[in-house]
Amino acid sequence: MASLLVTGGAGFIGANFVRYRRTTHPAEAIVVLDALTYAGNRASLDGVECEFVHGDIADTALVERLLRERGINTIVHFAAESHVDRSIHGPDAFIENNVLGTHSLLKAARTVWLAGSGMPHRFHHVSTDEVYGSLGPGDPAFSETTPYAPNSPYSASKAASDHLVRAYHHTYGLQTTVTNCSNNYGPYQFPEKLIPLFLINALHGRPLPIYGDGLQVRDWLHVEDHCRGISAALDRGKPGETYNIGGGAELPNLTVIDTLCAAVDAAFAGDAALAERFPDAPAAKGIVTSTLKTTVADRPGHDRRYAIDERKARAELGYAPARTFEQGFAATLAWYLANEGWWRGVLDGSYRDWVATNYATR
Ligand code: NAD
Ligand code: DAU
């Protein structure tokens, strides 16, 4: 039976993964290792049965001790700096956590798992479609053989970590799998990424800052579908292989934003209590949310289009997204409205400071 170390398990996707895997594989032991950076929230794991260790993936002695003492045979590696805008303002943390941090983790896994005659194990690395660069309108979607062409410090750091994972498989025989996925959305996402940021801004009557012309295209993947894909890669993936995971929902940002605005308007129209809870929302005053849309300067080096060719994951892992974007988005809006305590807790801290400094300069 697998005994899991989940790095970054207090972050958005990590916490969703722990919750998902706990349900599908209830007998497995799960240890979460998380440094609780600005993006990590212990509250995202409230009520979930797992051991939580507050620590850094770069602490090799700690990781080796956890692998040995807890009998870990599977690492699911989420821990990273994950926001493109932050990587533009301050790339160093991305090199430290994503490149050096991943290398420390690989070294610890090699030391413990490959010593002597070795033991059955798996190192699963969670990566991104951004390593493949940017597509033109008619280009074929990213497949696992698309050459790497990262454009931001974030995607370059993830590309470097992917290469290190590949090298540890080929050179030392570490049993690795990698998944490269598209834009996730869903519960527990830190409100700096497009969907939660715009939702919470809409509830407070704050501008919705659209970068450039808003016609950049992303493939939107509900986080639970992503977690099923990772779980399938753990259970059925072949060591040394990579799998692309997508949501089958390629949409321009403006379409996502218009969907969000209309959904907020409909939610307020259907529930009078929302106007009392969020009196600053335009929807509380009978004004459409789309009036908050504001064009701002484009993100430097902004990738135009991402799209995922997920045929390999479908054929070899049996993966397919279970939700349409409309279904996933409706569930996400309902979750943020029902879990105000979670995002208020996040807003009380570093997010508020970050928004204050960044929106002043934009
Ligand atoms: P997140 O920013 O929400 O969470 C990252 C977590 O990692 C946080 O809990 C943080 O405290 C922790 N962490 C960071 N550095 C650490 C360190 N040195 N040691 C221990 N913990 C550390 O990120 P996310 O959106 O959940 O993304 C998780 C992974 O998935 C990342 O590797 C990211 O590159 C990848 N990914 C994300 C998306 C997306 O749409 N969010 C898409 C593709 C791939
Ligand atoms: O494709 C996978 C990647 O998706 C992950 O690897 C990253 O960790 C994750 O952050 C995400 O990257 P993006 O840069 O695509 O996500 P973000 O939510 O920051 O932006 C989505 C799109 O919306 C992008 O085209 C930029 C635009 N945007 C974003 C913000 C935050 C805006 O127009 N305004 C905004 O305020």
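This dialogue reads a predicted model through its two ligand sites, one helix and a few loop residues.

Colleague: What should I keep in mind about numbering and confidence before reading this model?

Modeller: Residues are numbered from 1 along each chain as its sequence is written, chains are lettered from A and ligands numbered from 1 in the order in which they are written. Because the model is predicted, local features need pLDDT of at least 70 and side-chain atom pairs count only at pLDDT 80 or more, while totals for chains, interfaces and linings use all residues, and side-chain values use heavy atoms, with hydrogens and water left out.

Colleague: Which residues come nearest to ligand 1?

Modeller: A residue is near a molecule if one of its heavy atoms lies within 4 Å of it. Around ligand 1 there are 29 residues, of which Asp34, Ser82, Asn97, Tyr154 and Lys158 come nearest. Strand 5 (122-128) is one of the elements that supply at least two residues of this shell, and strand 5 gives the most, with three residues; helices and strands here are DSSP runs (H or I, at least four residues; E, at least two), numbered from the N terminus.

Colleague: Which atoms of the protein lie at polar distance from ligand 1, and how much of the ligand is buried?

Modeller: A polar contact is a pair of N or O atoms within 3.5 Å; within protein, one must be able to donate a hydrogen and the other to accept it, and residues adjacent in sequence count only if both atoms are side-chain atoms. A backbone N or O atom of Ala35 is 3.0 Å from a nitrogen atom of ligand 1, and for Phe78 a backbone N or O atom is 2.9 Å from an oxygen atom of the ligand, whereas Lys158 places a polar side-chain atom 2.6 Å from an oxygen atom. Taken alone, ligand 1 exposes 830 Å², and the protein buries 97% of that, by the Shrake-Rupley method with a 1.4 Å probe, where for residues only the protein chains shown count as cover.

Colleague: How does ligand 2 read, and which residues are closest to it?

Modeller: Ligand 2 is surrounded by 24 residues, and the closest are Ser82, Thr128, Asp129, Tyr154 and Arg299. Oxygen atoms of ligand 2 are found 2.7 Å from a polar backbone atom of Ser82, 2.5 Å from a side-chain N or O atom of Asp129 and 2.8 Å from a polar side-chain atom of Glu130. On its own ligand 2 exposes 690 Å², of which the protein buries 95%.

Colleague: Is helix 1 enclosed or open, and why?

Modeller: Buried means under 20% relative accessible area, exposed over 50%, and partly exposed in between (1.4 Å probe, protein chains only). Ten of the 13 residues of helix 1 are buried, so the helix is largely enclosed by the rest of the structure. Its buried residues, Phe12 and Arg22 among them, pack against elements including strand 1 (3-7) and helix 7 (223-236), with contact taken as heavy atoms within 4.5 Å.

Colleague: Which non-glycine residues have a positive phi?

Modeller: Most residues other than glycine have a negative phi. Leu36, which is not a glycine, has a positive phi of about 50°, and Leu36 sits in the loop between strand 2 and strand 3 (51-54), partly exposed at a relative accessible area of 29%. Tyr188 has a positive phi of about 70°, and with 13% relative accessibility Tyr188 counts as buried.
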